[in-house]
Amino acid sequence: MCSGGRSWRIGLALLLTLCIHVDCNPRVPRVSGAGGDARRDGVAMEDHPQHRAPPPLWDVHSLSYRQYCGKAPETPEIPGLRPPDPMQRMQAGLLVHKDPIFCSRRLTAAVVLGNTVLFVVIMAASCYVHGKALLLLRQLRRCPAQAVELESLYENTQCTPQTITFSRLCYYVKTSSGKRKAILSDVSGYCAPGSLVSIMGPSGSGKTTLLNLLSGRAKFGEYSGQLKLNACTYPVNKYRALMKQQGYVLQTDYFLEDLTVRQTMDFAAAMKLPCKSPEARHSIVCRLLNRCGLESAAHNLIGGVTFKGISGGQRRRLSIAEQLLVSPSILLLDEPTSGLDGTSSLKLVRLLKGFARRGHTIVTTIHQPRPEIMAIFTHLMLLATGGHVAYFGAAEDAVGYLVRTEAVTPVPGANPGDVIIDALDLDPESDRRGAEPVDLAAVYCTSPQASATTRAIRTLCADLEERGCVPVSAKRQQHLCNAMVVLLARRLARKYSPQNRVKALLNGGQVVLVSAVLALCFMYDCSNKFGEAYKQMMFIILAASYVCIVQYLISVPELFSERQVLNKERESGDYRFVSYLLMTMSTESPRAVLHTVIVLAMGWLLVGIDSDGPKVLAQTAMFVWTAMSFQALMCFISFCTDNSGLAYSVIFLVVGIGCVTNGLLIEYENVFFAIQWAYYGCIQSYLLRVSVLINMLSNPALQIDCNELSTVIQTLRHRTNRTHALQEATVWHDVCFAEGGDRKSFDAGALTLAMMGWSDGWFVTSFLIVGVHLVVCRALTLLLMSLRTYLSFKLHEIPRDVEEGSRSPAHVEEGPSAAPGASADQVLLTMEARSPPSPISETPPTSP
Ligand SMILES: Nc1ncnc2c1ncn2[C@@H]1O[C@H](COP(=O)(O)OP(=O)(O)O)[C@@H](O)[C@H]1O
Ligand SMILES: [Mg+2]
């Protein structure tokens with residue numbers, strides 16, 4: 001309680017010190033309005049009362065803070081604070097609009113405290129996560145390069161046996177013309193623990209689509225049929241969540257190109273195996289690298305578009321090794337041997353076979369494997385063009401079956417893989433070794449092989465049900481903080497990797513360099529105080545714009561370089577987006593502080609902007625807060641699209657509009673009406689306005705006396721286009737003499753702004769708006785990503801009777817003995833008449 005009360009008083013005192021010191025008192029109405037009207041109406045200067053009597057508000061000596069704010073303060077004046085100089089308050093009053101919040105001490109204190117607490121929390125969290133991330137990096141560096149002893153990869157890898165069964169699975173997508181296109185048609189099969197199932201078929205036959213459906217990753221389209229995990233049917237979302245804990249090797253490899261193979265595995269292990277000790281993780285990583293033949297490339301960079309790294313085959317193996325980290329019960333692999341030489345492919349498939357022997361369920365798609373590899377597979381599914389099954393059964397019987405159907409003629413020594421793919425090709429022109437093209441899909445529909453598959457599925461399911469449905473639990477999400485630490489450690493490892501050190505140095509150096517160049521450009525001496533005021537104002541405008549731009553230049557490429565990996569890891573359920581978002585915030589926030597301090601320090605040292613203590617604090621706070629808020633906006637825009645070019649353009653537009661419409665470069669009234677919203681809508685506008693006001697008002701370096709003011713008026717008289725400035729200066733001159741002539745000193749900064757016809761002074765309100773903007777943008781980013789995830793999953797189950805053109809293969813045992821080659825429609829009609837209604841809709845979801 002006691003400390004709470006103290007912070008309250010400290011916060012209030014700090015804010016009042018800042019606000020009163022910069023003389024932002026808003027009570028006095030804007031006198032320059034008349035001048036503005038006159039200027040707009042084209043009234044000549046001579047027509048204006050140059051020596052008009054000061055309006056009643058000039059009687060500022062009797063005003064107190066209480067009267068300025070229009071109501072009595074609830075607490076007495078804080079002793080020790082410098083009372084505001086009435087004259088300066090008047091000058092500020094000429095410029096400053098009433099700050100809606102500043103007039104309430106309670107609100108003011110709440111804003112300052114709220115923003116301060118938020119800032120402290122962000123920075124404290126950032127320090128904590130940075131500390132943990134550095135610790136993790138140290139741990140990873142300390143682990144020996146080689147595991148002391150390479151035990152068998154399979155030792156101690158326990159898994160719950162998992163069986164996938166699928167019957168009459170159909171999958172449709174909508175084409176651009178709005179028609180429904182069947183990608184998979186009545187696909188039935190099973191993948192049991194211990195089996196190594198291979199899916200083969202020509203390109204475009206639906207292998208990847210089938211794997212996506214089995215892994216719960218099919219995002220859109222419509223499906224029908226039965227898909228069971230351990231004989232249990234689950235709703236789509238539940239099935240997807242359950243399958244997230246299983247392994248899936250994508251057809252395309254996505255990695256962060258500036259990490260080494262070892263680092264990639266180390267960070268993946270830290271993410272996927274949070275409960276294991278660093279030593280245990282390291283041992284698993286080393287064994288996997290060894291098993292996947294990546295030991296020699298462990299310290300090679302992955303590379304990619306910008307530079308060449310490991311080979312394509314090594315990338316494939318790394319993808320597999322990454323998925324094997326968790327020793328998944330089910331491992332689905334999409335063309336794992338693509339890009340590998342024959343020997344490496346064989347080794348890899350042997351590795352998979354080893355996993356299968358220990359009870360893992362392995363399903364892989366493959367293209368024309370060598371005979372030794374074919375001999376390793378336990379089951380084979382052949383997919384014909386159009387997503388029809390041409391064969392499912394024992395791999396060793398596949399060629400025999402094709403020979404029986406007369407789709408191939410036996411050629412001694414021929415590669416079974418080639419024979420199979422040739423048999424699936426219906427093109428009469430292709431080399432078929434003397435055999436005629438056979439529609440294998442149609443033949444399979446009515447073959448005993450299909451019946452055997454159906455029986456096998458039923459037996460498997462019955463067996464599993466008898467033993468009781470093996471409960472499957474969903475993947476445990478990585479703890480938010482752990483995920484943040486690993487993500488940050490990975491980012492730091494990339495950023496400060498030997499090859500990126502120069503880049504990091506240049507990135508940091510560029511801020512120092514650009515700030516120095518900027519400050520040097522404004523280091524010149526001015527002949528009068530108005531020139532000085534103008535110079536400082538221009539420096540502040542450029543510095544504020546630069547601080548925002550530099551965030552954009554550094555953060556946006558960072559976000560986009562991680563996008564594909566982020567998508568891959570989120571799909572695998574490694575962490576939630578909120579961890580990533582908080583991680584970006586904790587890296588970007590200290591950067592905003594650093595950049596601000598560098599830029600402003602140059603200004604204080606070289607340009608001579610006001611370095612008065614409270615002003616320094618207020619200026620820095622506004623800069624940092626706006627930079628952080630701007631980072632949040634950029635993050636939001638970056639996640640609105642996956643098109644980096646579009647994001648760059650939109651952010652550039654936002655920066656540009658904010659810089660132009662702030663009311664300093666162009667008066668608010670002159671801004672094209674369609675973009676006037678940006679005056680209040682762009683947060684950099686607040687930074688520019690508030691920073692300029694903080695610096696210009698009551699700046700000791702910008703004090704002038706009445707004589708200097710007279711000289712200015714003389715100069716302005718010869719500039720017919722500066723009637724408004726002349727009028728302002730004249731009014732001030734009058735006040736000067738009304739106040740006692742040349743003993744008065746004037747604030748040239750305030751007058752410069754008044755002469756520009758510029759007015760705005762929402763100090764506290766701006767601070768609040770920037771803070772709220774920060775929170776809202778981060779929250780919106782989170783909401784956006786949740787929405788995008790939610791909307792991207794548009795997979796619908798359709799009732800069986802709505803389907804069109806499917807040829808049903810899986811219920812032949814109860815159906816007609818249609819002759820091989822019977823038309824698909826004939827088979828379909830008979831099948832539909834006899835087959836039981838779609839079980840998927842009847843089977844109640846069994847909770848695991
Ligand atoms: N969203 C989609 N819209 C239209 N066609 C699609 C879509 N997704 C896949 N396809 C088509 O489905 C077929 C099977 O694709 P895929 O499963 O990737 O084939 P495979 O992995 O066997 O090469 C291809 O002809 C492909 O063009
Ligand atoms: Mg594919």
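How do the residues lining the second largest cavity divide into nonpolar, polar and charged? Here are my notes, with that one answered in point 1.

1. The second largest cavity. By class, its lining has seven nonpolar residues, one polar and four charged. Keep in mind that this is a predicted model. The volume comes out at about 70 Å³. Around the space you'll find Tyr254, Phe255, Leu256, Leu259, Thr264, Phe267, Ala268, Glu322, Arg490, Val565, Lys568 and Glu569. Helix 8 (261-272) and helix 20 are elements that each put at least two residues into this lining.

2. The largest cavity. A probe the size of a water molecule, rolled over the atoms, shows where empty space is left. Counting cavities of 30 Å³ or more, the structure holds 14. The largest has a volume of about 130 Å³. Its lining runs to 15 residues, with Tyr223, Leu227, Val236, Tyr239 and Leu795 nearest the centre. Split by class, that lining is 10 nonpolar, three polar and two charged. Helix 6, strand 4 (220-229) and helix 7 each supply at least two of the residues, and helix 7 gives the most, with three.

3. The largest pocket. If you want an open site to look at, this one has a volume of about 1,400 Å³. There are 50 lining residues, and those nearest the centre are Arg217, Lys219, Glu571, Ser792 and Phe793. The class split of the lining is 20 nonpolar, 16 polar and 14 charged.

4. Who builds the pocket. Several elements each supply at least two lining residues: strand 1 (164-174), helix 6 (207-214), helix 7 (236-243), helix 20 (563-571), helix 21 (577-607), helix 29 (763-792) and strand 13 (794-797). Helix 29 gives the most, with seven residues. Some of these names come up elsewhere in this note: helix 6 and helix 7 also contribute to the lining of the largest cavity, and helix 20 to that of the second largest.

5. The shell around ligand 1. The surrounding residues are Val173, Lys181, Ile183, Pro202, Ser203, Gly204, Ser205, Gly206, Lys207, Thr208, Thr209 and Phe220. They divide into four nonpolar, six polar and two charged. Strand 2 (180-191) and helix 6 each supply at least two residues here; helix 6 gives the most, with three.

6. Backbone contacts to ligand 1. Take the run from Gly204 to Gly206. A backbone N or O atom of Gly204 sits 2.8 Å from a ligand oxygen atom. For Gly206, a polar backbone atom is 3.0 Å from an oxygen atom of the ligand, and for Ser205 the corresponding distance is 3.2 Å. On its own, ligand 1 has 560 Å² of accessible area, and the protein covers 64% of that.

7. Transmembrane annotation. An unreviewed UniProt entry places the feature "transmembrane region" at residues 504-524, 536-554, 592-609, 616-639, 645-665 and 762-785. I'd set two of these spans beside the model. Residues 504-524 are 86% helix and 0% strand, with end C-alpha atoms 32 Å apart. Residues 762-785 are 96% helix and 0% strand, and the end C-alpha atoms of that span lie 33 Å apart. Helix 29 (763-792), one of the elements lining the largest pocket, is worth viewing alongside the annotated 762-785 span.

Conventions: Residues are numbered from 1 along each chain as its sequence is written. Chains are lettered from A and ligands numbered from 1 in the order in which they are written. This is a predicted model: local features need pLDDT of at least 70, side-chain atom pairs count only at pLDDT 80 or more; totals for chains, interfaces and linings use all residues. Side-chain values use heavy atoms; hydrogens and water are left out. On a 1 Å grid over the protein atoms alone, a cavity is a set of points where a 1.4 Å probe fits but cannot get out, and a pocket is an open set with protein on both sides within 12 Å along at least five of seven lines; lining residues have an atom within 4 Å of a point. Grid points are joined across faces, edges and corners, and a volume is the space filled by probe spheres set on the points. Helices (H or I, at least four residues) and strands (E, at least two) are DSSP runs, numbered from the N terminus. Ala, Val, Leu, Ile, Met, Phe, Trp, Tyr, Cys and Pro count as nonpolar, Asp, Glu, Lys and Arg as charged, and the others, Gly among them, as polar. A residue is near a molecule or strand if one of its heavy atoms lies within 4 Å of it. A polar contact is a pair of N or O atoms within 3.5 Å; within protein, one must be able to donate a hydrogen and the other to accept it, and residues adjacent in sequence count only if both atoms are side-chain atoms. Accessible areas come from the Shrake-Rupley method with a 1.4 Å probe; for residues, only the protein chains shown count as cover. UniProt positions are given in the numbering used here, feature names are shortened, and annotations may be inferred rather than shown by experiment.
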